[in-house]
Amino acid sequence: MGFAKKAVNCVMNLLIVAATEAEIAPFIRHLQNTAYPRAKRIEVLITGVGMLATAYSLTRHLQSNTYDLIIQAGVGGSYDSNIRLGEVVFITGDQYADLGAEDHDNYLDIFEMGLLDKNTPPHTNGQLVTPLLPIHEKIALPRVNGLTVNTVSGHERTIKLRSEKYGCVVESMEGAAFHYVCLRENVPFAQVSAISNYVTPRDKSQWKMKEAIINLNNWLIDFIDHI
């Protein structure tokens with residue numbers, strides 16, 4: 001109900017969230033050098049890396065601030081080689097990759113362990129799904145699902161297990177925490193990621209981090225300028 005009410009308002013108060021300053025440094029420079037209309041308030045929050053830092057920083061920040069839309073912007077890996085390196089995507093659903101237990105050769109997530117029902121709020125069938133509003137129609141990006149990890153996938157067995165079990169496209173270290181907090185705090189949100197690498201056994205020589213950051217920031221600047 002809260003999401004629906006916010007949907008009819010003009011988006012004026014915006015928060016841009018990132019794990020590291022490096023991921024959105026070009027946008028921060030643009031923000032410092034651009035005179036936006038007084039009615040458009042744009043803030044930046046650097047949370048730190050990982051789910052714990054993201055959950056703490058964002059929750060604490062929202063105790064004394066309100067926004068019409070929060071955007072998490074970052075870079076991530078893709079399980080899908082059909083997505084170009086450097087491409088920017090809109091992650092509309094996220095979930096936990098490694099919150100559970102190893103059972104010999106199997107992995108049981110927290111839902112399979114019976115510790116949490118898949119539809120316990122704010123979860124929907126085990127996922128943390130973005131409630132889509134009219135403002136999301138302005139995010140003209142491919143829509144994909146995300147998987148959030150504490151340890152980035154870099155071993156063939158891990159990659160195979162996670163890819164087959166969850167069928168997600170993008171891997172990050174913060175997405176699920178961001179979705180969880182926004183859903184619990186009832187604030188409209190969007191997670192946007194640029195693909196810096198494919199999820200394969202770790203080989204940074206194949207990564208396109210620079211291109212991903214450039215494309216992410218170009219999209220972010222264009223979106224904020226025209227919203």
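Biologist: What is the relative accessible area of Lys165, and is Lys165 buried or exposed, or partly exposed?

Modeller: This is a predicted model, so every value here is computed from it. Buried would require under 20% relative accessible area, and exposed over 50%. Lys165 falls in between and is partly exposed, with a relative accessible area of 30%.

Biologist: Which side chain meets that of Lys165 in a salt bridge?

Modeller: The N to O distance in this salt bridge is 2.9 Å, and the cut-off is 4 Å. The partner is partly exposed, at 42% relative accessible area. The side chain that meets Lys165 is that of Glu112.

Biologist: How many residues apart in sequence are the parts that Glu112 and Lys165 tie together?

Modeller: Lys165 lies in helix 4, while Glu112 belongs to the loop between strand 6 (106-109) and strand 7 (128-129). The pair therefore links parts of the chain whose separation in sequence is 53 residues.

Biologist: Which residue forms a salt bridge with Arg162?

Modeller: The closest N and O atoms of the pair are 3.4 Å apart. Arg162 is in helix 4 (residues 156-166), and its partner is in the loop between strand 4 (88-96) and strand 5 (100-103), so the bridge ties together parts 64 residues apart in sequence. Arg162 counts as buried at 8% relative accessibility, whereas the partner counts as partly exposed at 24%. That partner is Asp98.

Biologist: How far apart are the closest N and O atoms in the salt bridge of Glu43 with Arg41?

Modeller: Glu43 counts as partly exposed, at 22% relative accessibility. Arg41 also counts as partly exposed, at 32%. The closest N and O atoms of the two are apart by 2.4 Å.

Biologist: How many salt bridges does a search of the whole structure find?

Modeller: Among them are Glu43 with Arg41, Arg162 with Asp98, and Glu112 with Lys165. The search of the whole structure gives a total of five.

Biologist: Why does Lys40 have no salt bridge?

Modeller: Lys40 sits in the loop between helix 2 (25-32) and strand 2 (41-46), and is buried. A salt bridge needs a side-chain nitrogen within 4 Å of a carboxyl oxygen. Lys40 has none, because that cut-off is exceeded even by the nearest side chain of opposite charge, Asp225, at 6.0 Å.

Biologist: Which backbone oxygen does the side chain of Lys40 reach?

Modeller: Leaving out residues up to four places away in sequence, Lys40 touches Met12, Ile224, Asp225 and Ile227. The side chain of Lys40 comes to 3.5 Å from a backbone oxygen, that of Ile227.

Biologist: Where do the buried residues of helix 2 lie around the axis?

Modeller: The buried residues of helix 2 are Ala25, Phe27, Ile28 and Leu31. They span an arc of only 160° around the axis, so they lie on the same side of helix 2.

Biologist: Which elements do the buried residues of helix 2 pack against?

Modeller: The residues in question are Ala25, Phe27, Ile28 and Leu31. Their packing partners are strand 1 (13-18), strand 2 and helix 6 (209-226).

Biologist: How many disulfides does the count come to?

Modeller: A disulfide needs two cysteine sulfur atoms within 2.5 Å. For Cys168, the nearest cysteine sulfur is that of Cys182, 18 Å away. Cys168 is buried at 6% relative accessible area, and Cys182 is buried at 0%. The count of disulfides is zero.

Technical notes
Residues numbered from 1 in each chain as written. Predicted model: local features only at pLDDT ≥ 70, side-chain atom pairs only at ≥ 80, totals over all residues. Heavy atoms only, no water. Helix = DSSP H or I, 4+ residues; strand = E, 2+ residues; numbered from the N terminus. Buried < 20%, exposed > 50% of the residue type's maximum accessible area, 1.4 Å probe, protein only. Lys, Arg positive; Asp, Glu negative; His and termini not counted. Polar contact = N/O pair within 3.5 Å; in protein donor to acceptor, adjacent residues only side chain to side chain. Contact = heavy atoms within 4.5 Å. Arc of directions from axis to C-beta.
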